[in-house]
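Let's walk through some charged contacts together, and then follow one helix and its surroundings. Keep the structure open beside you as you read.

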Amino acid sequence: MQQYLLNIQQPVGDPPPPEVLEPIMRELTALNDEMRAAGVWVFAGGLHDPDASSVVRVKDGEVVVTDGPYVEGKEHVGGFTVLRAADLDEALKWAGRLTRVLGLPIEVRPFHDRA
Amino acid sequence: MHAEIERVFREEYGRAVAVLVRFFGDIDLAEEAVQDAFGEAVRRWPSAGLPPSPAGWIITTARNRGIDRHRREATREYRHAEAVRLGRLHAGEEPPEEGPVRDDRLRLIFTCCHPSLAVPAQVALTLRLLGGLTTTEIAHAFLVPEPTMAQRLVRAKGKIRKAGIPYRVPHEADLPARLRAVLTVVYLIFNEGYSASSGDRLVREDLCAEAVRLGRLLAELMPDEPEVLGLLALMLLTESRRPARTTTGGDLVLLADQDRGRWDRALIDEGQNLVRRCLRRNRPGPYQLQAAINAVHSDAPTAADTDWAQIVQLYDQLLALSPGPVVALNRAIAVAERSGPATALSLVDELDLGAYYLFHAVRADLLRRLGRRAEAAEAYDRALSLTENAAERRLLTQRRAALT
């Protein structure tokens, strides 16, 4: 088994209005439940905008905190799911379900350590 | 004997790598082991003679060499445990050499052509692992620097390992989509060998042969998939015309002007049989239809005898199945033969293909046949400005010169 990160690529800007978002979130919850039932679900979460990001780094031996995301872009990581799958095809199958629900592209990326 | 080993290498490399990938679960180790085994064959076979089953000998030797390699490199604990596991496997069971072996190659082809890999990587991996071509040969054929090709192969194999791309023939539901990728790769290899005339000719003809070999392998492994048979038929029928396709000076000879006596009858018969076989299944696909079009050409003893009405009909089907301006352009060429250049020209002029040299070449030819010389010359110039291919340039230049 291997763990995969399903990275939700979200465009910068306001989220869709509630009447669009609500059914999506309902389907998302259902899909997460299905992943749990299938035993592949490890962790999932949505993220606030990069506006809410802080970056910490070491500068001249001191830890410095600054505002903002590390890189600016037209897309950012809007949320993610971590799942445990036998191989890439299984991970891609779930990612396919997720992208259908969200209407957003999903990057599927393996973790270094085998789970 | 050297030629004999060369032949065994060409025929058995892919099979051996596929079996050992299943055995070791590691592409690099499998490749190294098989190369070791062929090295051993080069040393031993000339004096000892060809073994009764060269393929079996290679696979057994490669497996032993691979286990040795594994033991030698078992510095870290898990590698050691792995060597022990493999040692047990080795003692316990002989690798089956028939039956599952067929599936091993199929599994490896689907692994190489996994949609998570970029198409250039799919092509390179397929040629490398199934065809046994060296990195140098593949780099040469695709006109990329050797280090680029080496890096591409390393990265692709790394992705298979890291991302966990499975060694598996896709399930029924995923098969059509995945098979399309496999067929695309094989046809791309064939076209690279057939259409490009720059670079080393020899390697490029090798690419056609390699694509046909892969096509035959797929047809043997998946005889119930009509598009697989269609692709093989298409390649065989196209290949059958190669001897007549260029002059001794390397100039292109158009289909209508080819000496049909020089077409390869054996390839035509094989291709036509395949076309009949797959069309009987009544699940026509783009490869089957293109093969059928080529089969109609091969049926005609002279260019004038070509059944253009049937070809137009087949293009109609093809256009319905996979619409696109290039298909429409080819259909228009057939329409010109059936209904005259004026009808064809009006079809061609509707197409949005201004950046495609063949579009201008076809227009030029139709205009020439209609006696509209100035416009024809202009179209030849446009075509000439859009192709770098030397043989095509010579043909276009000749045609243009014949106008005046």
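In this predicted model, the side chains of B:Glu205 and B:Arg242 come together in a salt bridge, at 3.9 Å from N to O. B:Glu205 belongs to helix H10 (residues 201–221) of chain B and B:Arg242 to helix H12 (residues 242–245) of chain B, so this contact ties together parts that lie 37 residues apart in sequence. B:Glu205 is partly exposed because its relative accessibility is 30%, while B:Arg242 counts as buried because its relative accessible area is 18%, and the cut-off for buried is under 20%.

Now turn to a pair found in loops. B:Asp224 makes a salt bridge with B:Arg281, and their closest N and O atoms are 3.7 Å apart. B:Asp224 sits in the loop between H10 and helix H11 (226–240) of chain B, and B:Arg281 in the loop between helix H13 (265–279) and helix H14 (286–299) of chain B; the pair links parts of the chain that are 57 residues apart. With a relative accessible area of 52%, B:Asp224 is exposed, whereas B:Arg281, at 35%, is partly exposed.

A third pair is B:Lys157 and B:Asp28, whose side chains meet in a salt bridge of 3.0 Å, N to O. Here helix H8 (residues 146–163) of chain B, which holds B:Lys157, is linked to helix H2 (residues 27–48) of chain B, which holds B:Asp28, and the two residues are 129 apart. How accessible is B:Lys157? Its relative accessibility is 11%, so B:Lys157 counts as buried. B:Asp28, at 30%, is partly exposed.

Over all chains, the salt bridges number 38. Some share partners: B:Asp257, B:Glu337, B:Asp365, B:Arg368, B:Arg369 and B:Arg399 are joined in this way into one network.

That network brings us to a helix. Helix H18 of chain B covers residues 357–369, and because each residue adds 1.5 Å, its 13 residues should span 18 Å; the end C-alpha atoms are 19 Å apart, which agrees. Among the buried residues of H18(B) are B:Tyr357, B:Phe359, B:His360 and B:Ala361, and B:Asp365, a member of the salt-bridge network, is also buried. What do the buried residues of H18(B) pack against? Their partners are helix H16 (325–339), helix H17 (341–349), helix H19 (373–385) and helix H20 (390–403) of chain B. After H18(B) comes B:Gly371, with a positive phi near 80°.

Conventions:
Residues are numbered from 1 along each chain as its sequence is written. Chains are lettered from A and ligands numbered from 1 in the order in which they are written. This is a predicted model: local features need pLDDT of at least 70, side-chain atom pairs count only at pLDDT 80 or more; totals for chains, interfaces and linings use all residues. Side-chain values use heavy atoms; hydrogens and water are left out. A salt bridge is a side-chain nitrogen of Lys or Arg within 4 Å of a carboxyl oxygen of Asp or Glu. Helices (H or I, at least four residues) and strands (E, at least two) are DSSP runs, numbered from the N terminus. Buried means under 20% relative accessible area, exposed over 50%, partly exposed in between (1.4 Å probe, protein chains only). The expected span of a helix is 1.5 Å times one less than its number of residues. Contact means heavy atoms within 4.5 Å.
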